[in-house]
Each structure stands twice: as structure tokens, then as C-alpha cells.
Amino acid sequence: KDNTNTTTWYSNRHQYLTDLRQHDDDIQSFKLRVDETNINEIHQASKKPVCYGSSHKKKKNSEGTDFISNTIYEWDLHGVMVHPFHLHQFPMQIVSEGCGPHHEIGQFYDTIHAPESSISNKCLVRINTFSTTEEQQLPVMLQCSIFQHRQQGAIAYLNVLSNTTAANDDPNLKTCIGTCDENLELPSKCQ
């Protein structure tokens, strides 16, 4: 068979799904741990956001900052060997072998379960906090996809702010410096 007339097919992806592996210059690193009752030691009942820069053992979660829109973050996922991790709004691109065997390097997923990940075989994903507006984005949910663990508190949120919103320091904006006053109780059961 003559293959000289064949062409390689490339996916025409939306802007928010562009290949993030080619961006090595300005990557913001973040460590995220998913546990049975919390995410990065944030329990749902705490009504606090997960903050960027708070993944270091010496910092408390409230000492970090909010995430910034139109920024590429590389997340080092821990606990995903047991806890399937789900992120709303922003697709996660696999950039390491540690996310296998269920995920391919270069592909985008909204849920990551990596039973072969470990300290020496890290599951690294990249996220583009893509936005087409200059306004503040809504909080972004992140959770363990095991229903019982979510019910036990392994569900949280993070704020993604535009550069403009972050620079304005609006005192009415609930950020990593404050807590959320919104009622986050679970809805009642169906009748």
C-alpha cells in the first residue's frame, strides 16, 4: 500500500483546549490532595476556598491567593490513586505518565482516576483558566467523585478572578483572604 498521499489528522480544538504541553515558560505549579473528607485540608463545612500557594505544609489555606484567569497551572494531583478527582469548568490535560493507565498524555479530561500514581510516578495535569471576559468568574467546584466521600466533605471550590478583579481588591468579594457567607447546606431529600 502506498502511503505517500496520506496526511496526518490534527484535531481542531476550541481555544480553551489548546495543547498546554508547549507552554513551559510561565507555568504556575500547584499541589492538590484529594482525601475522603477534604480537599487540601478544606472540608465543605469550612466554607473556605482552596487557595493557590497554600499547598505548602507551612502555610495555612487562607494564606494563599485566588487563581487568576487566563493562566496555565500545572497541578500535582495526590490521592487520585483512590479518589477520582473531578474539576468543573476547566478541562485538565494529562502531562505525565503517572496519570495512567486510564488517561493518555495530551488528552483532556474532567475526571482523573490514576491508580498507578505515586510520589515517584506523579500525576501531573495542566489547566488553562481560560476566560473570554474581563469580569470575575464564578467559583469553580472541585470534588472527589465517590458520592459518599463528597457527602463527607471532599468537595470544595476555588475562585478564579480576572487580573482586573484581583487588582481592584473589592472588599465585597469573598476571596482566599475571607470566607464565604453563602449557605452551602445540602438540599433536602426528594419527597
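Two exercises with worked solutions follow, on a sheet and on salt bridges.

The structure is a predicted model in which local features need pLDDT of at least 70 and side-chain atom pairs count only at pLDDT 80 or more, while totals for chains, interfaces and linings use all residues. Residues are numbered from 1 along each chain as its sequence is written, and side-chain values use heavy atoms, with hydrogens and water left out.

**Exercise 1.** State the strand order of the sheet and locate its edges.

Solution.
1. Strands are DSSP runs of E, at least two residues, numbered from the N terminus; two of them pair if DSSP finds at least two bridges between them.
2. The open sheet has 5 strands in the order β1-β3-β8-β5-β6, with mixed pairing.
3. β1 (28–33) and β6 (108–109) are the edge strands, each pairing on one side only.
4. β1 runs parallel to β3 (residues 72–78), joined by 6 bridges; F30 stands opposite W75 in β3.

**Exercise 2.** Which residues do shared salt-bridge partners join into one network?

Solution.
1. A salt bridge is a side-chain nitrogen of Lys or Arg within 4 Å of a carboxyl oxygen of Asp or Glu; the whole structure has 5.
2. One of them pairs R126 with D24 at 2.9 Å, N to O. R126 is in strand β8 (residues 123–128) and D24 in the segment before β1, 102 residues apart.
3. Another pairs E74 with R126 at 2.7 Å, N to O. E74 lies in β3 and R126 in β8, so this pair ties together parts 52 residues apart in sequence.
4. The network is therefore D24, E74 and R126.
5. By relative accessible area (buried under 20%, exposed over 50%, partly exposed in between; 1.4 Å probe, protein chains only), R126 is buried at 8%, E74 is buried at 17%, and D24 is exposed at 53%.

Definitions and conventions: Helix = DSSP H or I, 4+ residues; strand = E, 2+ residues; numbered from the N terminus.
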